[in-house]
Every structure is written in C-alpha cells, then in structure tokens.
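Student: I've got a fresh model to look through and would like to talk it over. Can we start broad and then go into the helices and strands?

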Amino acid sequence: MTSTTLITPEILKYAVDAGIIDLGSIRTQYEETERMKLLDSYKYKIFESGGRWYCRLPDGRRIKRKNREDVENEIIKIQKGRAQKEKELTGKKPVDLFTEWNDSRLEKGVIQGATALRYRKTCDKYIKNAALNKIPMKRITRKEWTAFLQGIYEAGSPTEKDPKRKISAKELGRIKCVVRGIIDQAEDEGLITYTSDEVISHVRTDMHGFNHSAHSTENEVYYPDELQALKSYCLSNPDPYTRCILLAIITGERIGECAALLAEDINPEEHCIYVRRTETQADETGRQQETIREGAKTDAGVRRVAIPENSLEWVRGIKDISEKTGGGYLFKQEPGRYRERYVGERVRASQVRRHLKKICAELGISYKPPHKFRKTYASILKAADIDDTTIIEQIGHTNIKITENVYIKDRNRMKEKSRILGEIDELRLDPLEKENPNCRVISFFDESPVSHPRVTRRLQKNMKPEKAFK
C-alpha cells in the first residue's frame with residue numbers, strides 16, 4: 001500500500017533552500033516543453049533547401065532564415081500572439097464589444113458624440129450590471145439574448161397593479177440598437193455564429209401593449225396669451241437669457257443653435273441669421289460636456305433664417321451689445337450679474353432652460369421646454385397661411401410632413417374652440433326660425449304620422465315629378 005505525501009509550501013521551500021530542487025532547471029524544462037507544444041501545434045512543417053530554412057505562414061508568405069532555431073522562434077512568436085488574441089476574444093464580455101462598436105462608429109463619423117453618449121448610457125443602464133454581462137460573449141446563445149430583450153419588454157408592460165409602463169417603445173428600440181451593435185461586433189470577430197437579425201426577430205412585442213401618453217396641446221405649444229406674457233417679461237427684463245428666449249420665439253431656432261450663434265452670424269442688412277453650428281451635450285470623443293459643434297443637428301439645419309421685419313432693430317441691438325463686449329458669441333455673461341470669472345463666457349442652453357422655468361413660475365404659466373418654441377413658431381406660420389417651403393426652410397426640416405405631423409398644433413384653448421365651433425350653423429341644435437322661415441323642425445314624437453321622418457321620406461319617394469311643358 002502506497003501513501004501519498006502532501007507537499008506543502010514549507011516542504012517545497014525547504015527543498016529549494018537545501019538544493020534538492022533546482023528551480024532554474026525546472027523553469028528551463030518547462031519552457032522547453034511549452035516551446036515543443038507550440039511547434040507541434042503549428043500546421044506547417046519546417047524544411048531546409050539550399051542551405052536555408054523555410055516555413056510557410058498562415059497568410060501564404062514564407063519564413064526564410066539561416067538556421068532552424070530562428071525559424072522556430074518566429075513560429076513560436078506567431079503561436080503566442082494567436083493564443084493571446086484567442087484568450088482575449090474568449091474573455092470578452094458584451095460591454096467590451098459594445099465599447100469597440102460604439103468607438104469605431106464614432107471614429108468613422110457614422111455617429112456624433114451626443115449619439116455615442118446616449119448609447120453608452122443605455123448600455124450602462126440595461127447591460128452593464130445585467131447577469132448576461134458576467135458571461136463571456138462566446139458562451140452567450142441566441143436564445144439568451146432573445147430572453148434578455150423579452151424580459152426587458154415584459155418588465156415594462158403595464159399590469160393591473162402597475163398600469164404605468166416603465167419603458168417606452170422608443171427606449172426599447174434604443175436597447176435593441178445597442179444589442180444589435182454588440183452582436184454584429186461579436187459576429188465580425190468570429191465569436192458567435194448567429195446574427196443580430198435572428199435575435200431581434202424572435203422578440204415578441206405588441207405596440208398596443210405600450211402606454212401611449214397623450215401629449216395635449218397645453219404641453220406642446222405656448223398659447224397666445226402665454227407667449228405674449230413671456231415676450232413682455234423678456235423685453236422688460238433684458239439680459240442674455242431673456243434675449244436668447246426672445247430670439248428663439250421670433251425665429252424658431254433650436255435653443256442650442258441660439259446659444260451657439262456668433263455676432264458675425266447676424267446679418268440685419270440681408271434680414272437673416274446664419275445657422276452654422278449648434279450646442280451639443282458631448283464632445284467629439286463622446287464624453288459628456290456642453291460644447292459647440294460645427295454644423296447643425298441635421299443637414300437641413302444649416303440654413304439662413306429670415307428675421308421678422310418688425311424685429312430687425314431689436315436683432316441689430318443685440319448684435320451691437322455683443323460687439324461692444326468684444327464680439328464672439330452673441331449671448332455672453334454680463335458684468336454685474338454673475339461672478340467676475342464667468343463674465344464673457346458663453347451662455348449655455350441648460351442655463352436658458354433654468355431661467356425660462358423661473359420666468360414661467362413668476363408669470364404663473366405652465367413651463368414648457370424651449371424646444372416648444374419651435375412647435376409654437378411652426379403653428380403660428382401655418383395658421384398665417386405661410387407657404388410650406390418657407391416653413392420648412394425656417395424650421396430646418398426637409399419635409400413638410402414631419403413639420404405637420406409633429407410640430408404644428410392648434411393653439412386655441414378649449415373655450416375658443418367651442419366658440420369657433422358654435423359659429424357653424426350646421427352644428428347648431430336650436431332652430432334658425434328668423435334666418436330661414438321655411439325651416440321646420442320635425443319632432444320624432446309628433447303624433448301626426450305625416451310629420452314622422454320615415455313617413456315623410458316615403459311620401460317624397462312616391463311623388464311623381466311634374467311633366468315637362470311641351
């Protein structure tokens with residue numbers, strides 16, 4: 001009967017210190033064994049020809065060296081690099097692949113920094129801490145990805161206990177886009193055999209299952225009385241913020257476009273403003289930061305915006321204010337209101353939003369973000385029967401259908417709508433005896449059978465037309 005002796009770290013240390021075990025020799029033997037394994041696993045053989053040693057490479061080229069050992073060293077280098085790459089690929093998690101996909105699209109200019117930031121936030125929220133991200137991508141099956149997306153959809157579905165949906169159709173679409181990018185990147189690197197289309201197509205969603213929140217006109221545009229109150233307040237309290245708000249009201253520009261305007265972009269002589277840049281929430285690397293980007297949100301966003309003729313003097317005045325303080329950005333922090341170190345800095349869109357919220361609270365009107373000025377502007381132009389081409393050029397759209405479906409709203413309050421509808425004669429319930437004495441209201445409860453509508457129609461049908469005079 002043989003007994004197995006457990007070798008403890010203390011015993012091993014004693015053997016090394018006593019010279020019983022030579023670590024240098026063991027290390028040499030181990031390296032030689034690993035070397036032979038790498039050479040044996042290489043599919044091409046080493047051969048000699050004409051006093052030179054050769055071996056074929058995987059890409060079709062050949063190694064040519066003076067001795068065999070140099071060829072073997074090159075092969076071992078290739079084999080180690082391949083093993084390291086395979087190890088990295090095998091250990092890649094979904095978030096790692098997302099980072100590669102997102103950064104690659106950002107570098108190629110397929111997406112802007114703000115879009116890359118939005119995708120990263122979505123990935124951090126739904127995938128980074130998910131159980132799926134703890135598994136190497138190579139081991140995640142198509143069914144697991146489908147179940148992951150299905151779980152997000154069902155978790156956000158309304159129930160009797162919780163009728164409010166936790167996720168919108170738009171948010172789910174963004175998650176699908178992120179997952180599609182991860183799977184496409186994994187497919188390109190050879191980690192999986194299924195495609196993103198196979199994953200997305202198996203997710204069962206029903207658009208009727210989403211709670212579609214009704215966006216009332218009250219929350220989409222500023223009513224005439226609200227807009228008038230805002231204009232009066234801003235004109236009476238001039239500062240960089242109120243000027244920026246007024247410019248957005250009279251031109252329909254995005255608040256980020258207004259915040260990015262330079263004094264040189266204002267051209268009162270030609271009655272226009274050049275929109276050439278916009279404020280974005282991320283820089284070129286996708287890092288969250290309020291910065292100015294050349295170009296607008298869309299290609300149609302780079303445009304010339306006409307200034308209302310009765311506002312030309314006011315626009316010329318805000319340009320003069322900017323030029324007197326050194327030019328540059330049109331809306332800058334002014335001395336006397338803020339800390340000295342901030343004087344001359346560009347006004348941010350987020351600061352304008354906060355300022356607008358305070359104004360609305362002071363005026364007692366419901367706050368709506370500055371972007372609602374664009375919808376209000378488009379609705380005003382449409383109500384004034386302005387040509388569709390002029391509307392989309394002013395707004396910066398490519399199609400009037402987008403403007404009509406999303407931007408243009410009815411700015412009349414409910415009482416005003418009721419008054420307008422009440423002026424339509426065909427919708428009146430009271431008889432118009434004075435206007436039309438021949439008009440007779442027929443009662444359904446009249447005892448006379450002739451006055452009943454059904455009888456009246458039958459009699460009219462049986463009446464023969466008079467013969468024409470010959």
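Student: What percentage of the residues in the chain is buried?

Tutor: Keep in mind that this is a predicted model. A residue counts as buried when its relative accessible area is under 20%. Across the 470 residues of the chain, the buried share comes to 37%.

Student: And how much of the exposed area do carbon and sulfur atoms supply?

Tutor: The chain exposes about 30,600 Å². Of that area, the part from carbon and sulfur atoms is 51%.

Student: Okay, on to the helices. At what angle do the axes of helix 10 and helix 12 cross?

Tutor: Helix 10 covers residues 240–251 and helix 12 covers residues 312–324. Their axes come within 12 Å, and helix 10 passes helix 12 in a left-handed crossing. The crossing angle is roughly 145 degrees.

Student: Which residues in helix 12 are met by helix 10, and how many residues of that contact are charged?

Tutor: Helix 10 brings Arg-243, Leu-246, Leu-247 and Ile-250 to the contact. On the other side, helix 12 offers Trp-314, Val-315, Ile-318 and Ile-321. Sorting the residues of this contact gives seven nonpolar and no polar, and the number charged is one.

Student: Now the strands. Which residue in strand 2 is the bridge partner of Glu-48?

Tutor: Strands 1, 2 and 3 make an open sheet in the order 1-2-3, with antiparallel pairing. Its edge strands are strand 1 (47–49) and strand 3 (62–65). Three bridges join strand 1 to strand 2 (residues 52–56). The partner of Glu-48 is Trp-53.

Student: Are the faces of strand 5 covered or open, and which residues lie on each side?

Tutor: In general, side chains in a regular strand alternate between the two faces of the sheet. Strand 5 spans residues 272–275, and both of its faces are covered. One side holds Cys-272 and Tyr-274, and the other, also buried, holds Ile-273 and Val-275.

Student: Which residue in the turn between strand 4 and strand 5 has a positive phi?

Tutor: Strand 4 (residues 266–267) and strand 5 pair antiparallel over two bridges, with Ile-266 opposite Ile-273. The two strands form a hairpin with four residues between them. The turn residue with a phi of about 60 degrees is His-271.

Student: Last one: what is the bridge partner of Tyr-274 in strand 8?

Tutor: Strand 5 is joined to strand 8 (residues 303–306) by four bridges, and the two run antiparallel. For Tyr-274, the partner is Arg-304.

Conventions. Residues are numbered from 1 along each chain as its sequence is written. This is a predicted model: local features need pLDDT of at least 70, side-chain atom pairs count only at pLDDT 80 or more; totals for chains, interfaces and linings use all residues. Side-chain values use heavy atoms; hydrogens and water are left out. Axes are lines fitted to C-alpha atoms, for helices over the stretch in contact, and angles run from 0 to 180 degrees between N-to-C directions. A crossing is left-handed if the near helix is turned anticlockwise from the far one by less than a right angle, and right-handed if clockwise. Contact means heavy atoms within 4.5 Å. Ala, Val, Leu, Ile, Met, Phe, Trp, Tyr, Cys and Pro count as nonpolar, Asp, Glu, Lys and Arg as charged, and the others, Gly among them, as polar. Two strands pair if DSSP finds at least two bridges between them. Buried means under 20% relative accessible area, exposed over 50%, partly exposed in between (1.4 Å probe, protein chains only). Accessible areas come from the Shrake-Rupley method with a 1.4 Å probe; for residues, only the protein chains shown count as cover.
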